[in-house]
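Q: I have a new structure on my screen and would like to learn how to read it. Could you walk me through a few features?

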Amino acid sequence: PCVGIVLANAEGRIFAGQRLDSDVAAWQMPQGGIDPGEDPRDAALRELWEETGVSRDLVTVEAETADWVRYVLPPHLLGRVWKGRFRGQEQRWFLMRFRGADNQIVIETEHPEFSEWTWIDPRDLVEKIVPFKRDVYTRVIAEFADRL
């Protein structure tokens with residue numbers, strides 16, 4: 001079980017980060033695992049902090065997906081990622097409104113995940129995501145569309 005964060009600014013643009021561990025375009029929104037006993041909302045706020053340096057006082061949690069969103073890794077990645085322990089993920093996504101300034105986003109964290117970041121229009125986000133996550137992103141953006 002994991003969480004994902006749609007971090008939107010006041011203009012409705014969404015934070016996307018280029019994965020540090022990829023040599024090709026591999027943009028994504030912040031996401032990560034839920035620790036044992038951890039509430040998904042708390043996990044989302046923790047992951048946001050760990051990946052972007054954005055603290056909980058700089059965001060308002062506006063919504064979460066009605067259900068868990070699941071995906072399975074494509075065959076060429078099975079056994080290669082997550083030390084081969086998982087075939088995919090189930091995620092609870094949260095829409096968070098960023099109320100800070102861009103200089104308060106710091107991707108040079110203790111364990112960095114992104115090499116660069118940008119604000120992107122929700123309509124353009126899905127095409128920049130790795131193909132196996134596009135269905136997930138399409139569903140999440142559609143569910144939050146009325147707030148973006």
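A: Sure, and we'll start with an idea we need right away: helices are DSSP runs of at least four residues, numbered from the N terminus. Keep in mind that this is a predicted model.

Q: Where do Glu-50 and Arg-46 lie relative to each other?

A: They sit four residues apart in helix 1 (residues 40-52), so about one helical turn separates them. Their side chains meet in a salt bridge, at 3.2 Å from N to O.

Q: Are those two buried or exposed, or something in between?

A: Buried means under 20% relative accessible area. Arg-46 has 19%, so Arg-46 is buried, while Glu-50, at 37%, is partly exposed.

Q: How many salt bridges does a search of the whole structure find?

A: The search turns up 10 salt bridges. Let's look at a couple that involve strands. One is formed by Arg-97 and Glu-62, whose closest N and O atoms are 3.1 Å apart. That pair links distant parts of the chain: Arg-97 is in strand 7 and Glu-62 is in strand 5 (residues 59-64), 35 residues apart. Arg-97 counts as buried at 14% relative accessibility, whereas Glu-62 is partly exposed at 25%.

Q: Which residue meets Glu-64 in a salt bridge?

A: That's Arg-92, with 3.8 Å from N to O. Glu-64 lies in strand 5 and Arg-92 in strand 7, so this pair ties together parts that are 28 residues apart in sequence. Glu-64 is partly exposed, with 43% relative accessibility, and Arg-92 is buried, with 13%.

Q: Which residues do salt bridges with shared partners join into one network?

A: The network is made of Asp-35, Glu-38, Arg-46, Glu-47 and Glu-50. You've already met Arg-46 and Glu-50 as a salt-bridge pair.

Q: What does the charged end of Arg-92 sit over?

A: The ring of Trp-68: the charged end of Arg-92 is 4.9 Å from the ring's centre. Arg-92 also has its salt bridge with Glu-64.

Q: On to aromatic rings, then. How many aromatic pairs are there?

A: Ring centres have to lie within 6.5 Å to pair. By this rule the count is six aromatic pairs. In one of them, the rings of Trp-93 and Tyr-137 have centres 5.5 Å apart and planes at 75 degrees, so the pair is edge-to-face. Trp-93 belongs to strand 7 (residues 88-98) and Tyr-137 to helix 3 (residues 134-144), so to speak distant parts of the chain, 44 residues apart. Both residues are buried.

Q: Why is the pair of Phe-98 and Trp-119 called tilted?

A: Their planes are at 35 degrees, so the pair is tilted, and the ring centres are 5.8 Å apart. Here too the pair links distant parts of the chain, with Phe-98 in strand 7 and Trp-119 in strand 8 (residues 114-120), 21 residues apart. Phe-98 and Trp-119 are buried. They also belong to a cluster that ring pairs build from Phe-15, Phe-98, Phe-114, Trp-117 and Trp-119.

Q: And how do I read empty space?

A: Rolling a probe the size of a water molecule over the atoms shows where empty space is left. In this model, the second largest pocket has a volume of about 200 Å³.

Q: Which classes of residue line the second largest pocket?

A: Its lining has two nonpolar, three polar and six charged residues. Among the lining residues are Trp-49, Val-106, His-111 and Glu-113. Glu-47 and Glu-50 line this pocket as well, and both are part of the salt-bridge network.

Methods: Residues numbered from 1 in each chain as written. Predicted model: local features only at pLDDT ≥ 70, side-chain atom pairs only at ≥ 80, totals over all residues. Heavy atoms only, no water. Phe/Tyr/Trp six-rings, centres within 6.5 Å; stacked < 30°, edge-to-face > 60°. Helix = DSSP H or I, 4+ residues; strand = E, 2+ residues; numbered from the N terminus. Buried < 20%, exposed > 50% of the residue type's maximum accessible area, 1.4 Å probe, protein only. Lys NZ or Arg CZ within 6 Å of the ring centre and 35° of its normal. 1 Å grid on protein atoms, 1.4 Å probe; cavity = no way out; pocket = protein on both sides within 12 Å on 5 of 7 lines; lining within 4 Å. Points joined across faces, edges and corners; volume = space filled by probe spheres on them. Nonpolar A, V, L, I, M, F, W, Y, C, P; charged D, E, K, R; others polar. Salt bridge = Lys/Arg side-chain N within 4 Å of Asp/Glu carboxyl O.
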